[in-house]
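Dear colleague,

I am handing over the structure below, together with notes on what was found in it. Please read the notes with the coordinates open beside them.

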Amino acid sequence: MSSFSGRPIGGGRRHSNSRRTPHDHTTEVHEISTNNLHGPSLPDDTTVHLVLDLALKIGEVQMASGAGAADVTATILSVTESYGLPHTEVDVIYTSISVSCHRGTDAPPITAVRVVRQRSLDYTRLAAVEHLVRNLGPIEDAHAQLEDITNAKHPYPRWVATAAWAGMAAAVAFLVGGGLQLALTAAFVTALIDRVGRILNRRALPFFFQQLVGGALATGAALTVFATKLLPDVRPSLLVAVGIVVLLSGLALVSTVQDAISGYNVTAAGRTVETVLLSAGLIAGVAIAIRTAVHFGLEIRLTDPLPPLISAVPMQFAAGAATSAFFALACYARPRALVAAAISGAIGTASYGLVTSFGLDVLLGSAVAAAITGFGGATMTRRLRIPTLVVVQAGVVPLLPGWTTYRGLFQLTAEGDPAGLSTLVFASGIALALAGGVVFGEYLAQPVRTGLGRLERKFAGPRMSGPLKPTKRRLE
C-alpha cells in the first residue's frame, strides 16, 4: 500500500486538445484505484489484533493499580507505535479502555475495548508491567510474559500485608505523639479491621460497607478502651485518628487530581465519585459508633487539638519513613521500592514539620510538603526504575488528615456543633492540597529529568506510571 503523495497519480488535469484512447483511460483508472489508499502500511489483521490486545491488557493493569489516565494513554501509544501502528487513537475512562487503529481512507479501522473490572494495589505487578514495556520483544513473547505477570500470585503472603497495615498504624501512632501503648493498640485494632475486611471482601460486600465497618470498628475499639479504662495512657481520639489515616490511605487521591489536571475529566469524575463514596462510608461508620455511645450515655469528650508540630523532629522523621514503608509493603512493593518509599515519607514529614515551624498553616504546609515529596519522588524513581506512583502515594500517607476528620465528626455527632461541617471541609481541603502538591511537584521535576521521549513531550502532564522511554527500536 503506497503512502499519501499529495495527489493520486494519473489524476492530473489534461489539456483539452489531447486525445485519450481506451487503453489510456483504463491505465488511468487503474492508477487512481491503486494510489488512492491514503495511510501507512500496516501489519496484517492478525498482528494488529495481537498488538491492540497486548496494549489493552497493559493499560488494564495500570488502571487497576491506580495509574492516571494520562499515564495509561501514553503507555498504550508507546506499545502500539513500537509494533508498527503509528496512527492509533486511545480513549481511557474510569471503567474501560478503547483503542482504535487507523488503516487509511480505504480500509476500516480496527477497534478493541477492554473493561476494567477489578482494582487492587499491587505495586509489584505495576513495576513488572513497566519493565515489560521498557523491554518489548516479539509480540508472542510479550503476550506470554504479560500472562505470567497477571496470573502471578502476590510476592508476599496475605498475613504479611496484614502485619504491614498493623505496622503502619503503629508508626502513625508514634507520628501523632502517642506512646508504645497507643502504637500496640492501634496495631492490634488495624490487624483486626484488615482481617474482617478480608472476610467481607470474599463475600463480595461493596467497598462502601467495608469502609463503614472499618470506621465503626476503629471508633468502637477506641470507645471501649475509654469506657473500660483498661489503658489509661491511650487517648481514644488518637486511636480513632490512626484508624482513619489507615482507611484513607488506599484512596486514589493523587490519581484523581492528576486526571483532572491532565484533562481527563470523565475519569477524574469517576475517581472523585468513588473517593467521596468510600470516604462517606468511613465517615458513616465513625459517626454511627459515636452516636451509639452517646445514646447509651457514655460520656466522651474531645481532647485538645494536636500542636502544629505533632512530635519531635527525630521521631517525626523516623515515624514518617516507617509509615510510608509499611504502606508500600502492604501494597506488595519490592524491597527497592520500600526503601524509596521510606525516604519519601521521611522527606514529606520532615518538610511538613519544617514549614509549619516557620508559621505556615496546615493547609499550605501540607501542599508545600507534598510538592517536595512529588518532586523528590519523580527525580528519584526514574533512575531506580520504580513507578513514581508507588513512592509519591506512600510519601503523602503520613500527612493524611485523620485527626481533623475525627474532630469534625465528633463535633457533628457528639456535640451537635454545626462547626463540625466546616472542619470536615477543611479536612477535605488538606487531602486535596496533598494530592495537588504531589502533582505540582511532578510538573516541577520534568525539566530536571533526562531522556524524555517525543511521546512524553507530546502528552505534557505529570507521569507517575509507565516508562518515559520505552523500547528503543521498532518491532516488526
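Leaving aside its neighbours within four places in sequence, T423 is in contact (heavy atoms within 4.5 Å) with T404, R407, G408 and Q411. T423 sits in helix α17, residues 419-445, where helices (H or I, at least four residues) and strands (E, at least two) are DSSP runs numbered from the N terminus. Its relative accessibility is 15%, so T423 counts as buried, the term meaning under 20% relative accessible area, with exposed meaning over 50% and partly exposed in between (1.4 Å probe, protein chains only).

Please bear in mind that this is a predicted model, in which local features need pLDDT of at least 70 and side-chain atom pairs count only at pLDDT 80 or more, while totals for chains, interfaces and linings use all residues. Residues are numbered from 1 along each chain as its sequence is written, and side-chain values use heavy atoms, with hydrogens and water left out.

The next item is a helix pair. Helix α8 (residues 207-228) packs with helix α11 (residues 265-295) at an angle of about 35°, the two axes being 7 Å apart; axes are lines fitted to C-alpha atoms, for helices over the stretch in contact, and angles run from 0 to 180 degrees between N-to-C directions. The crossing of α8 past α11 is right-handed, that is, the near helix is turned clockwise from the far one by less than a right angle. On the α8 side the contributing residues include F207, F208, Q211 and L212, and on the α11 side they include L277, L278, A280 and G281. Sorted by class, this contact has 15 nonpolar, six polar and no charged residues, with Ala, Val, Leu, Ile, Met, Phe, Trp, Tyr, Cys and Pro taken as nonpolar, Asp, Glu, Lys and Arg as charged, and the others, Gly among them, as polar.

There is also an open sheet of three strands in the order β1-β2-β3, paired in the antiparallel sense, pairing being assigned if DSSP finds at least two bridges between two strands. Because β1 (88-92) and β3 (110-115) stand at the edges with a single partner strand each, one side of each is left without a neighbour in the sheet. The twist averages 10° from one strand to the next. Strand β2 (residues 96-101) pairs with β3 over six bridges, and S96 stands opposite V115 in β3.

Helix α2 lies across β1, β2 and β3 and runs at about 25° to β3. This helix, residues 45-64, reaches 28 Å from its first C-alpha to its last, close to the 28 Å expected, a span reckoned as 1.5 Å times one less than the number of residues. Among the buried residues of α2 are V48, V51, L52 and I58. The C-alpha atoms of I58 and L132 are 9.2 Å apart, although 74 residues separate the two in sequence. L132 belongs to helix α4 (residues 123-134) and is buried, with a relative accessible area of 3%.

Finally, two loop residues deserve a look, A204 with a positive phi of about 60° and Y332 with one of about 65°, neither being a glycine. A204 is found in the loop between α7 (180-202) and α8 and is exposed, with a relative accessible area of 63%, whereas Y332, in the loop between α12 (313-330) and α13 (335-357), is buried at 6%.

With best wishes
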